Amino acid sequence: MSVREPTVSIASYALFGLWLLGGIPLEAATITGQVADQEGKTGVSNAVIWAELPGEPPSFLPPPEPAVMAQTTLTFVPHVLPILAGTTVDFPNQDTVYHNVYSLSRRKRFDIGLYQPGESRSMTFREPGLVKIFCNIHDFMGGFILVLPSPYFTVSDAKGEYAIANISPERYTVKVWHEKLVGDPREVNLTGSVAERVFFALSPRKGRME
Ligand SMILES: [Cu+2]
């Protein structure tokens, strides 16, 4: 009996461990907050907010479905499109006129050519960074694709509010991007299934946008 006792004891602990693993749901945290102007009064819409893990960025699998930036009423919609690196973007022409898509950005230089209403072209964006999008027929058309190293991103709404849900509880650097404004990154340490509020006050961008 003296030989078996410890064996039984270890088995019990192992079972208890398995029960713990199966019985406790995976915890998922949320980062919510608001993006506002310098005074912290007016909400800023169309800002991209994303959470990055510190250190060497882990490689996330890009989504199987493409993201979409349409051409409609002579406008790129959405105007600002955040994607995970490796994602393919479709550019459907939903207008009644020909359009083109091109970029001279360092991260992704391309010209997709001219195509007619009802048609679409695609492009895959692998390197993280900002890609400015234009149409060579309509020089007033412009859009932004922000290629990110993390799948935890969102865009602020009309009131500047945002939420990034279903994040594993870890330590993150939360960053913000806006086409005309800048704001400092913030550190958050998510523990358990909590909603952490992170507020950004943005100031006017000085100098050239990268
Ligand atoms: Cu066009």
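## A pair of partners to start with

Let's begin with one residue, W50, whose bridge partner in strand β15 is K175. Strands here are DSSP runs of E with at least two residues, helices are DSSP runs of H or I with at least four residues, and both are numbered from the N terminus. This is a predicted model, in which local features need pLDDT of at least 70 and side-chain atom pairs count only at pLDDT 80 or more, while totals for chains, interfaces and linings use all residues. Residues are numbered from 1 along each chain as its sequence is written.

The bridge at W50 belongs to a longer meeting: β2 and β15 (residues 171-177) run antiparallel and are joined by five bridges. Two strands are said to pair if DSSP finds at least two bridges between them. β2 also has a second antiparallel partner, strand β13 (residues 153-155), to which three bridges join it. There, V48 has V155 as its bridge partner.

How covered is strand β2? Four of the five residues in β2 (residues 48-52) are buried, so by definition each of these four has 20 or more other C-beta atoms within 10 Å of its own. A residue with 12 or fewer counts as exposed, and one in between as partly exposed, with the C-beta atoms placed from the backbone.

## The chain as a whole

Stepping back, the protein chain holds one helix and 19 strands. It has 210 residues, of which 25% count as buried.

Contacts tell another part of the story. Two residues are in contact if their C-beta atoms, placed from the backbone, lie within 7 Å. Among contacts in the protein chain between residues at least 6 apart in sequence, 62% join residues at least 24 apart.

## Strand β12 and its neighbours

Strand β12 (residues 142-148) is another mostly covered strand, with five of its seven residues buried. With β6, strand β12 pairs in the parallel sense over five bridges, and I83 finds its bridge partner in V147 of β12.

With strand β11 (residues 129-134), the pairing of β12 is antiparallel and runs over six bridges. In that pairing, I133 stands opposite G143 of β12.

## A sheet of three strands

In which order do the strands of the open three-stranded sheet come? The order is β3-β7-β10, and the pairing is mixed. At the edges are β3 (67-68) and β10 (120-125), each of which pairs on one side only.

β3 pairs with strand β7 (residues 87-92) in the parallel sense, over two bridges. Here A67 stands opposite V89 of β7.

## The nonpolar core

A nonpolar core is a set of buried Ala, Val, Leu, Ile, Met, Phe, Trp, Tyr and Cys residues joined through C-beta atoms within 7 Å. The largest one has 38 residues, and those touching the most other members are V35, I49, I83, I145 and V176. Why does this core lie between domain 1 and domain 2? Domain 1 (28-58 + 153-210) and domain 2 (61-149) both give residues to the core, so it lies between them. The bounds of these domains come from an automatic or database domain assignment.

Take V176 for a closer look. Leaving out residues up to four places away in sequence, V176 touches V35, A47, V48, I49, G183, F200 and L202.

## Unusual backbone spots

Most residues other than glycine have a negative phi, and most peptide bonds are trans. T73, although not a glycine, has a positive phi of about 45 degrees, and L74 also has a positive value, near 55 degrees. T73 sits in the loop between β4 (70-72) and β5, and L74 is found in the loop between β4 and β5. T73 is exposed, with 9 other C-beta atoms within 10 Å, whereas L74 is partly exposed, with 13.

A cis peptide bond joins V77 and P78, with omega about 0 degrees. P78 lies in the loop between β5 (75-77) and β6 (80-84).

## A visit to Q116

Is Q116 buried or exposed? Q116 is exposed, with 11 other C-beta atoms within 10 Å. Its place is in the loop between β9 (108-115) and β10.

Q116 and V97 are 19 residues apart along the chain, and their C-alpha atoms are separated by 6.6 Å. Not counting residues up to four places away in sequence, Q116 touches N93 and Y98.
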